[in-house]
Amino acid sequence: MDPKLKKTKDSSSNSANSPDSTHSSFLFPDEVLERVLSLLHSHKDRSSVSLVCKDWYNAERWTRTKLFIGNCYSVSPEIVARRFPRIKSVTLKGKPRFSDFNLVPQYWGADVHSWLVMFAKVYPFLEELRLKRMTLSDESLKFLATSFPGFKALSLLSCDGFSTDGLKAIATHCKNLTELDIQENGIDDFGGGWLSCFSENCSSLEVLNFASLSSDVSFDALEKLVRRCKSLRILKVNKSISLDQLQQLLVQAPQLIELGTGSFQQELTPRQYEDLETAFSNCKNLQTLSGLWEATSLHLPVLYAACASLTFLNLSYATLRSDELAKLVAHSPNLRRLWVLDTVEDKGLETVGSSCPLLEELRVYPADPFELDLHHGVTEAGFLAVSHGCRKLHYVLYFCRQMTNAAVATIVQNCPDFTHFRLCIMNPGEPDYLTNEPMDEAFGAVVKTCTNLQRLAVSGLLTDLTFEYIGRYAKNLETLSVAFAGSSDRGMQCVLQGCPKLRKLEIRDSPFGNAALLSGVEKYETMRSLWMSACNVTMSACRLLAKDMPRLNVEVMRDEGSDDRQADKVYVYRSVAGPRRDAPPFVLTL
Amino acid sequence: MEKGVAYDNDMNLKATELRLGLPGTDESQKEYSSFVKSNKRSSEEMDSSCNEEECAPAPKALVVGWPPVRSYRKNVLQQQQKKSDSDVSGMYVKVSMDGAPYLRKIDIKVYKNYPDLLIALENMFKCSMGVYSEREGYNGSEYAPTYEDKDGDWMLVGDVPWDMFVTSCKRLRIMKGSEAKGLGCQ
């Protein structure tokens with residue numbers, strides 16, 4: 001090694017070579033180390049790097065530009081500000097996942113404002129903000145829009161607390177905006193006027209997704225925006241955009257890679273139909289297609305030309321029948337990801353199995369989740385059919401009303417590479433409908449066969465045996481979702497003891513109690529969080545846990561009218577920030 | 001006809017009660033509230049404590065947050081359902097019967113098919129309408145059910161598929177069999 005390289009910025013030329021030097025003789029100067037580390041993007045890698053030694057910790061923290069915080073309460077804005085001086089992009093996740101299903105009361109927290117205030121002070125050059133399950137107000141959005149001159153990308157998924165007025169501020173003030181991605185948020189839609197707030201000079205947009213907003217936007221404003229944003233690659237419009245309007249947009253943006261259509265139902269003249277068909281066939285780069293509200297067999301054929309290049313087809317808002325799906329997938333041999341509604345039924349899934357050999361991800365959502373009638377939706381037959389034809393399947397989310405152990409065993413034989421297996425048999429505690437036995441063997445087969453399994457959601461009638469299997473075999477499992485399952489504390493104990501990589505455990509309506517909770521005392525600090533609701537945990541056990549583990553936040557929410565001793569909803573998570581200072585009165589921090 | 005009501009017979013009293021709601025239903029069929037006290041019994045306990053006949057299944061359809069479908073998605077799909085339902089000219093339709101002093105109102109969405117509807121009507125009005133046949137309509141019965149469709153025409157109940165009937169029925173009229181002859185004959 002060249003002796004010059006061994007010097008650091010701080011040390012004199014002799015100390016690095018002296019035998020008494022406390023530095024290793026293979027020391028890189030800071031510049032080199034930082035240069036190397038600036039190429040690292042994975043936050044897991046960066047975390048590992050920062051643990052090597054103090055110098056590496058420092059080099060890492062100076063070179064980190066992207067911040068990922070999986071639980072906003074695990075750390076505080078102050079701590080983050082102290083450690084990382086140069087952040088350009090932040091991803092923040094807030095509420096526990098079960099808040100998506102109304103299990104977390106409103107005003108629980110995860111407000112982004114205090115973070116924004118810190119960012120404005122410490123990271124004035126912030127460019128990107130991605131929030132998931134956070135609360136933010138219109139004031140926060142206005143603050144964001146006016147505090148960061150270089151702000152480029154805003155992505156809001158499953159957030160709440162704001163309205164389209166906040167979006168107005170973003171559109172008005174963020175002159176260099178490249179991305180505005182608003183997805184599935186609980187917001188107040190006061191109208192589509194926000195879209196017209198983009199200045200006529202704004203031509204930098206690359207991503208625009210307002211599919212989940214309901215109000216009409218000015219089509220004129222949208223068309224002009226699309227026309228001048230030559231780098232636009234992702235455009236997802238809302239239902240207010242009609243088919244002929246869509247055609248006009250496509251003509252302006254044939255370079256699109258991802259498209260979300262508006263309403264796919266309209267009486268078109270033959271000329272309009274042809275123009276639409278042509279517009280789609282001119283989109284040579286289209287990889288993702290979504291939207292398609294109210295699509296019927298009448299208009300689906302206009303898509304066929306564009307389907308050849310599609311890798312992701314999101315039909316989860318289109319109530320298609322099996323024959324309609326069949327024709328679509330027949331034209332889409334390159335599909336890797338497919339999301340559908342269960343209106344396509346088993347027959348539709350059969351055609352997927354035969355038309356999409358490259359399929360890696362399948363999601364089947366229920367069109368009518370509260371319908372108990374067994375004659376709708378999909379069954380084990382559809383899943384089996386897909387597994388026969390799509391051997392590369394590794395991600396599945398499947399809502400059904402009946403399943404058998406044998407079917408699941410066959411499915412994982414066909415597709416042993418599952419990394420994400422989320423099966424939701426919609427009737428809680430439903431057994432194997434042919435044998436009437438618990439579904440233990442099904443999930444046993446999954447964990448035994450799919451050694452790369454990272455995420456598992458179980459359902460159906462399950463005893464502790466399922467969890468014994470999980471603990472014994474699911475050595476790569478990181479996320480586990482449990483509902484209406486298990487027989488005793490032993491089940492949860494098996495999982496806590498057996499799954500070394502477990503990070504997120506969420507349980508509801510299952511008979512796990514204090515012994516189970518406390519068996520994980522040493523485990524929870526290695527995890528992001530634990531959620532237990534409607535289980536058999538009491539306040540005293542929670543207090544014990546909180547007392548023993550000061551670096552865990554143990555929070556309890558009680559249901560109306562329930563026993564004082566019961567801990568109805570328990571949320572446990574590791575944190576270096578100490579207990580929450582913004583907890584509302586119904587969140588008890590123990 | 002049934003003036004000599006036996007007052008010690010509960011059924012008859014209930015039948016003449018003026019109240020909202022359909023005859024034949026009672027309070028226990030009210031919709032469950034959406035908050036269901038969580039069931040802390042293990043699934044094994046549930047199995048042993050009730051057999052299929054005794055235990056009405058818990059109102060699983062209305063357990064909070066189950067099935068795990070995001071609110072946004074649920075709302076969108078419900079809206080889509082409503083949209084296709086919004087063509088329905090009212091799910092509650094007026095029912096008149098020739099000779100009856102006042103009209104009734106029923107929710108036709110509650111019924112799954114024609115036989116269910118006819119039985120309910122027969123109970124409500126204490127009449128007999130017999131069985132529908134494509135050729136003969138309700139010929140031979142004392143009364144026949146008819147309905148006004150979206151176009152304002154009076155049709156015989158039973159001619160079109162049930163789903164189509166539900167979306168097009170605006171009101172019902174139970175006609176005297178003799179008058180209905182014109183509708184029923186092919």
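**Exercise 1. Find the bridge partner of Tyr147(B) in S4(B), and then place that strand in its sheet.**

Solution. In this predicted model, Tyr147(B) has Met155(B) as its bridge partner in S4(B). Strand S3 (residues 143-148) of chain B and S4(B) run antiparallel and are joined by 3 bridges; two strands pair if DSSP finds at least two bridges between them, and strands (E, at least two residues) and helices (H or I, at least four residues) are DSSP runs numbered from the N terminus. The next step is the whole sheet, which is open, has mixed pairing and consists of 5 strands of chain B in the order S2-S1-S5-S3-S4. Because strand S2 (104-107) and strand S4 (154-156) of chain B each have a single partner strand, they stand at the edges, and one side of each is left without a neighbour in the sheet. From one strand to the next, the twist averages 35°.

Residues are numbered from 1 along each chain as its sequence is written, and chains are lettered from A in the order in which they are written. Local features need pLDDT of at least 70, side-chain atom pairs count only at pLDDT 80 or more, while totals for chains, interfaces and linings use all residues, and side-chain values use heavy atoms, with hydrogens and water left out.

**Exercise 2. Determine which strands helix H4 (residues 114-125) of chain B touches.**

Solution. Helix H4 of chain B packs on the sheet and touches strand S1 (92-97), S2, S3 and strand S5 (171-176) of chain B, where contact means heavy atoms within 4.5 Å. The direction of this helix makes about 155° with that of S2(B); axes are lines fitted to C-alpha atoms, for helices over the stretch in contact, and angles run from 0 to 180 degrees between N-to-C directions.

**Exercise 3. Describe how the rings of Phe98(A) and Phe101(A) are arranged.**

Solution. Rings of Phe, Tyr and Trp (its six-membered ring) pair if their centres lie within 6.5 Å, and planes under 30 degrees apart count as stacked, over 60 as edge-to-face and the rest as tilted. The centres of Phe98(A) and Phe101(A) are 6.1 Å apart and their planes stand at 55°, so the pair is tilted. Phe98(A) counts as buried at 5% relative accessibility, and Phe101(A) is buried with a relative accessible area of 5%; buried means under 20%, exposed over 50%, partly exposed in between (1.4 Å probe, protein chains only).
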